[in-house]
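Trainee: Could you take me through one part of this model up close? I'd like to hear about a single residue and what surrounds it, with the rest of the chain as backdrop.

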Amino acid sequence: MNPESFAAGERLVSPTYVRQGCEARRTHEHLIRLLLEQGKCPEDGWDESTLELFLHELAIMDSNNFLGNCGVGEREGRVASALVARRHYRFIHGIGRSGDISAVQPKAAGSSLLNKIANSLVLDIIKMAGVHSVTNCFVVPMATGMSLTLCFLTLRHKRPKAKYIIWPRIDQKSCFKSMITAGFEPVVIENVLEGDELRTDLKAVEAKIQELGSDNVLCVHSTTSCFAPRVPDRLEELALICASYGVPHIVNNAYGLQSSKCMHLIQQGARVGRIDAFVQSLDKNFMVPVGGAIIAGFNDLFIQEISKMYPGRASASPSLDVLITLLSLGSNGYKKLLKERKEMFSYLSIQLKKLAEAYDERLLHTPHNPISLAVTLKTLDEHRDKAVTQLGSMLFTRQVSGARVVPLGAVQTVSGYTFQGFMSHTNDYSCAYLNAASAIGMKTQDVDLFIKRLDKCFKIVRKEQNRESDGSGVDNDNTEDAVTEEMGLKLENVFLDKFEDSS
């Protein structure tokens, strides 16, 4: 209510009570004013009543929520379901205009303001996370793969002769297909093995630029966050190579925003050399639904060019989700989540190391990977080819999600390109292994339950191997547990083929 409404209310209720209510509202409005003035994530998270007041105030600025609005166009924010309207807080018009996803919509001042604030808050968080010199970013309603494609398509207009993208290999389909979808030819650079780690072959990258000619190379497409034993690319060295040859550099930072090490690599790469843009997922870094990403960079004009490349208007849902999340957490809440993630990584590492040693396996030494860990499966693989994939299926049927088993010698064809040893990021890694990651939001109880279930699966697989090795096919232990495990093994085999397909 405005001051006149409060004054009118004093004629109906004691002025003392009304003034008290007015002061309470001013407290909410003060938080909103600070947000609009500063454009930064508040230190302390907002309560739900302040959030809902803010969203309601923004929503009624959109034309579809005007009292007496008369819409005669084809896009007037009409919604058939009241449930859908409430789900979106009545933000119906989306964001951007036909020529620029960051442009202001005349029909939707509230949605446009929401978009600007969301981008501003995300930029603040990126700086807080370690990339201090970033100049611009925007939320795009596409996941990481398609957002990378948008970056490549923008570079096409700046480098019309280029047809190749140099890509240090990482066995993940969406980042590979992002280059194919954009119409470019990926040039795969195999990784080099250093100890247990798979690292960037810098000499091969530079040699390939020289061989193809820098004008024919659209960009180098590097990666930070990845599954061990692959580790983040050597961004500083790659950035120097790109600067030296005048080749753009796009970084796939999918879930690296939550890692201070990954963010430090990006900051250093931009400081010493060239990084044109880096792309990160919303869901992986901010715990919101899948469907959004952040494109950020160090050249304000180039990031604006990317936003103008997006055709048409866009869904406001990812911007709304991340705005609500960051206002709820505040910068202190997000910092706390980042700190807890680091602690969980150390705890997961310790627990996996103990378990691996108990079964004559070992935790691979991958100190340059700050998120993902890998445990060898040599003893399983030596006994039976299917033992590795069976372990994965057993975890899957026991509701352990996210862990992935990587057998030796898998072959996968992606968009016409065949990869040997697919999922291991190299043609011939030395052993099969199992991955687990410590991502933002993981709790101690998640680690404990995972270790407990993995231990149980190891025991069952080992017991089956022992039965096969002695040729009896029958376990001499007739306890109830043994019978239960035997039934469990039969169930695992039912799911095995399905699991292998999904992997």
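Mentor: Let's settle one term before zooming in: two residues are in contact when they have heavy atoms within 4.5 Å of each other. Keep in mind, too, that this is a predicted model. Now the backdrop. Of the contacts in the chain with a separation of 6 or more, 72% are between residues 24 or more positions apart. The chain has 503 residues, and 51% of them count as buried. You'll find 17 helices and 14 strands in it, and the C-alpha trace spans about 90 × 65 × 40 Å along its principal axes. As for the surface, about 23,200 Å² is exposed, with carbon and sulfur atoms supplying 53% of that.

The residue I'd pick is Ile-266. It sits in helix α10, which covers residues 260-272. Its relative accessible area is 0%, and since buried means under 20%, Ile-266 therefore counts as buried. Who's around it? Skip the neighbours within four places in sequence, and Ile-266 is in contact with Val-131, Thr-224, Leu-235, Val-251, Asn-253, Ile-275, Phe-278 and Phe-298. For a sense of scale, take His-365: it is 99 residues from Ile-266 in sequence, and the two C-alpha atoms are 23 Å apart in space.

Now zoom out a notch. Ile-266 belongs to the largest nonpolar core, a set of 48 residues, and is one of the members that touch the most others. Also on that list are Phe-54, Ile-126, Leu-257, Phe-278, Phe-286 and Ile-294. Phe-278 is worth a second glance, as it's also among the direct contacts of Ile-266. A separate core of 45 residues lies apart from this one, and includes Val-140, Trp-167, Val-279 and Phe-419.

Phe-54, from that same list of core residues, takes us to a helix pair. Helix α3 (residues 48-59) packs against helix α13 (residues 317-358) at an angle of about 145°, and their axes are 10 Å apart. The crossing of α3 past α13 is right-handed. On the α3 side, Leu-51, Phe-54 and Leu-55 do the touching, and they meet Leu-320, Leu-323, Ile-324, Leu-327 and Ser-328 of α13. Sorted by class, that contact has 7 nonpolar residues, 1 polar and no charged ones. So you can follow the core list from Ile-266 to Phe-54, and from Phe-54 step across to α13.

Methods:
Residues numbered from 1 in each chain as written. Predicted model: local features only at pLDDT ≥ 70, side-chain atom pairs only at ≥ 80, totals over all residues. Heavy atoms only, no water. Axes fitted to C-alpha atoms, helices over the stretch in contact; angles between N-to-C directions. Helix = DSSP H or I, 4+ residues; strand = E, 2+ residues; numbered from the N terminus. Left-handed = near helix turned anticlockwise from the far one by under 90°. Nonpolar A, V, L, I, M, F, W, Y, C, P; charged D, E, K, R; others polar. Core = buried A, V, L, I, M, F, W, Y, C linked by side-chain atoms within 4.5 Å. Buried < 20%, exposed > 50% of the residue type's maximum accessible area, 1.4 Å probe, protein only. Areas by Shrake-Rupley, 256 points an atom, 1.4 Å probe, with all protein chains shown as cover.
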